[in-house]
Amino acid sequence: MIRNYFSVITRSALSMIGTVIALVGFVLFVTLFLIQNMGFRGGPYLGIITYLLLPAVVVAGLTLVPIGIWRQTKKERVAVEHGEPVPNLPVIDMNKPRTRKALAAFGVMSLIGLVVLAVGTYKGVEYMESVEFCGLACHTVMQPEYTAHQRSPHSRVACAECHIGAGADWFVKSKISGSWQLIAVAFNLYPTPIPTPVHNLRPARETCEQCHLPTKFTGDKLKVRVHYAEDEQNTELHTVLMMKVGGQHGRGASGIHWHVAPGVKVRFLSDPSREKIYDIEMTGVDGKVKLFKNEEAPADAEWRQMDCVDCHNRPTHVYREPANEIDNSMDQGTIDKTLPFIKREGLRAVQVEYPSHEAARAGIAADIAAFYAQNYPDLAKSKADAIAQTGKTLGDVYSWNVFPAMKVTWDTYPNHIGHKQSPGCFRCHDKKHATEDGEKITKKCDTCHSLLADEEPDPAILYQMAGEEPPAPGEAGTPPLDETGT
Ligand code: HEC
Ligand code: HEC
Ligand code: HEC
Ligand code: HEC
Ligand code: HEC
């Protein structure tokens, strides 16, 4: 019986093809499986291929075998009924040197073929995980995220590191949503702008914490910010903040990273956008549980355990505010800060709506040129180059943050770090959330930072940090910014 089947398999082309497919799939599976188990760190797509695609290939190959057998036996039955001879199998005679050579050649060729196939699969997978593939394969759709990613501290971190991560269960999830995304892009079904928060984002413990150990960043962090006023001189102002990042201290925890310190658990009930927060439940290091309540939550509110991305919701897709972008560019010199009223005019120009980046670049440059031609005609001639460069930078500022094709504009994706661009920390720290005993979540300014200078032209603290004498009152100085190292 078994011999009979074996001979049928080898007589049916379909069964033979099925066998080869199943064998190739199996060998590839074993190779990739071994590579990954030898400690080679393959990314998520390698897992998808190894554990989903190749087994599917093996199963598909194996199903072809019985189909082939069934078709072959039917054909032979018909042949016998018509009195025709059933063809014999070819004889492989190993005594003939030609046959031996042919077999050896076949073996070598198959081996080379398998190696090429394995390398090819690996390379293909590597490409699918790259930032270029994720960010550029469907250009318009991912353009905002890709642009922001390229300018962020995480520009060297692949999209898949945060969006998929390692481990078999998430391969499956991301594969399912990945196929849906392909369909959505192909048929123009995706929403504009792409909604946030990402509800099936993997817990930060399994993504961010692969690189950032929550116990390894403690202590304070100094921030020196340069702002420019909207007056004719674009007066330079400095804000100096000491951020109390904190975290774990011995067995306790304090400061900003208290929320994610070992032993602490904060859960909250919010609307799906997570912008409005209702109940907050906290478990301290001592194990005590407190419930803070504000107004009554609507029916669609959801509970969530707070993790890194509830504060760092824009670790890499950072869309800045217009004032922030222009301040940075003035500080870096790509916008000429000696041009009168450039802060005010720049702010106005980049907040005009345009249908595309090309239209914005042309429109903004013309807008700025026209302002100086009209109000400062001499300057418009003597500083024509600086004005053109400034117009170009303002065009960049617009194109980095506003994406008309995806309906992404200045305030589409607010940042939750701080409380300026959006309520951010003040979603909870608003002195309105209270326990039954009337204990409130604090809003005291020095809980989170010491404000060492608030938009001051010449803050004494900058001189002190550099070990210099501050200028006498009423005297203008140049704050020693570089010496502070920020
Ligand atoms: C450092 C981690 C990290 C990297 C790297 C990263 N993302 Fe994200 N991404 C996030 C987080 C966190 C959110 C969602 C924040 C939320 O849910 O509030 C997000 C949200 C998104 C969104 C939803 C829209 C939005 O802006 O909220 C898209 C689309 C997206 N990412 C695509 C990408 C692409 C494409 C890349 C690579 C070019 C990438 N991401 C790289 C962490 C990352
Ligand atoms: C693959 C490793 C990796 C992953 C995953 C990762 N990061 Fe980072 N992150 C880095 C590196 C490297 C830097 C430092 C970049 C630098 O200093 O230029 C960094 C910097 C940061 C900073 C400081 C940024 C600044 O302005 O100085 C924050 C905050 C941060 N990451 C948060 C996150 C969060 C939140 C996540 C998860 C959504 C995450 N990271 C995931 C590697 C990673
Ligand atoms: C309660 C909000 C909050 C949570 C939760 C939070 N962070 Fe932060 N984190 C901050 C703030 C605020 C800063 C201060 C720096 C700043 O303003 O950019 C910061 C700073 C950092 C820095 C830079 C530290 C330095 O000294 O340069 C890293 C890295 C970082 N966080 C990673 C994480 C990771 C990883 C998690 C999750 C385990 C996390 N954070 C959870 C609010 C938070
Ligand atoms: C719950 C924590 C928290 C509380 C309370 C808080 N802040 Fe802040 N504040 C932040 C964080 C986080 C940032 C952002 C730092 C950054 O931009 O990286 C910030 C930034 C600032 C800035 C700098 C803005 C800039 O970009 O120049 C000022 C000014 C400021 N806060 C003032 C205050 C004042 C005044 C109070 C008291 C009413 C206060 N803050 C209370 C967390 C807090
Ligand atoms: C989901 C609600 C929630 C959000 C959002 C939130 N916090 Fe908190 N935070 C709490 C709770 C609850 C406590 C504990 C009660 C208290 O100390 O008032 C707390 C305590 C703190 C403490 C004191 C920790 C200690 O004991 O030393 C700091 C500092 C702090 N938060 C900073 C921030 C900053 C900065 C942000 C924004 C980047 C932020 N928090 C966002 C809920 C939140």
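Six donor atoms around a metal count as octahedral if opposite donors are over 155 degrees apart and all others lie between 65 and 115 degrees. In the predicted model described here, the site of the iron atom of ligand 3 is octahedral, with angles of 87 to 178° among its 6 donor atoms. The protein contributes His257 and His312 to this site, each through its NE2 atom, and these donors lie 2.0 Å from the iron. Histidine 257 is placed in the loop between β4 (252–254) and β5 (265–270), whereas histidine 312 is placed in the loop between α10 (308–311) and α11, so the pair ties together parts that are 55 residues apart in sequence. With a relative accessible area of 15%, histidine 257 counts as buried, while histidine 312, at 37%, is partly exposed.

The iron atom of ligand 2 is coordinated by the NE2 atoms of His154 and His212, at 1.9 Å. The site of this iron is octahedral, and the angles among its 6 donor atoms run from 86 to 180°. Here, too, distant parts of the chain are linked, since histidine 154 belongs to the loop between α6 (139–150) and α7 (159–163) and histidine 212 to the loop between α9 (208–211) and β1, 58 residues apart. Histidine 154 is partly exposed, with a relative accessible area of 24%, and histidine 212 is likewise partly exposed, with a value of 40%. Among the contacts of histidine 154 is another histidine, His149, which is found in helix α6. Histidine 149 is buried, with a relative accessible area of 5%; not counting residues up to four places away in sequence, histidine 149 touches Val131, His154, Ser155, Val157 and Thr316.

For the iron atom of ligand 4, the protein donors are the NE2 atoms of His419 and His449, lying 2.0 Å from the metal. The arrangement is octahedral because the 6 donor atoms subtend angles of 84 to 179°. Histidine 419 lies in the loop between α15 and β9 (449–456), and histidine 449 lies in strand β9 itself, so that this pair links distant parts of the chain, 30 residues apart. Of these two ligating residues, histidine 419 is partly exposed, at a relative accessible area of 30%, whereas histidine 449, at 15%, counts as buried. As a reference for these angles, the ideal values for six octahedral donors are 90 or 180 degrees.

Beyond the iron sites, the model was examined for its nonpolar cores. In soluble globular proteins, nonpolar side chains tend to be buried together. The largest nonpolar core holds 30 residues, and the members that touch the most others are Ile326, Ile342, Val350, Ile364, Ile368, Tyr372 and Leu394. At least two residues of this core are supplied by each of β1 (221–228), α11 (322–332), α12 (342–350), α13 (357–375), α15 (384–401) and α16 (460–465). Helix α13 gives the largest share, 5 residues. The core draws at least three residues from each of domain 3 (221–316 + 417–484) and domain 4 (322–406). When residues up to four places away in sequence are not counted, isoleucine 368 touches Ile342, Glu345, Gly346, Ala349, Ile387 and Leu394. A second core, separate from this one and made up of 11 residues, includes Val266, Phe268, Cys428 and Ile441.

Definitions and conventions. Residues are numbered from 1 along each chain as its sequence is written. Chains are lettered from A and ligands numbered from 1 in the order in which they are written. This is a predicted model: local features need pLDDT of at least 70, side-chain atom pairs count only at pLDDT 80 or more; totals for chains, interfaces and linings use all residues. Side-chain values use heavy atoms; hydrogens and water are left out. A nonpolar core is a set of buried Ala, Val, Leu, Ile, Met, Phe, Trp, Tyr and Cys residues joined through side-chain atoms within 4.5 Å. Buried means under 20% relative accessible area, exposed over 50%, partly exposed in between (1.4 Å probe, protein chains only). Helices (H or I, at least four residues) and strands (E, at least two) are DSSP runs, numbered from the N terminus. Domain bounds come from an automatic or database domain assignment. Contact means heavy atoms within 4.5 Å. Donors are N, O and S atoms within 2.8 Å of the metal (3.2 Å for Na, K and Ca); water is not among the atoms, so sites may look incomplete. Four donors count as tetrahedral if all angles lie between 85 and 135 degrees; four count as square planar and six as octahedral if opposite donors are over 155 degrees apart and all others between 65 and 115; anything else is irregular.
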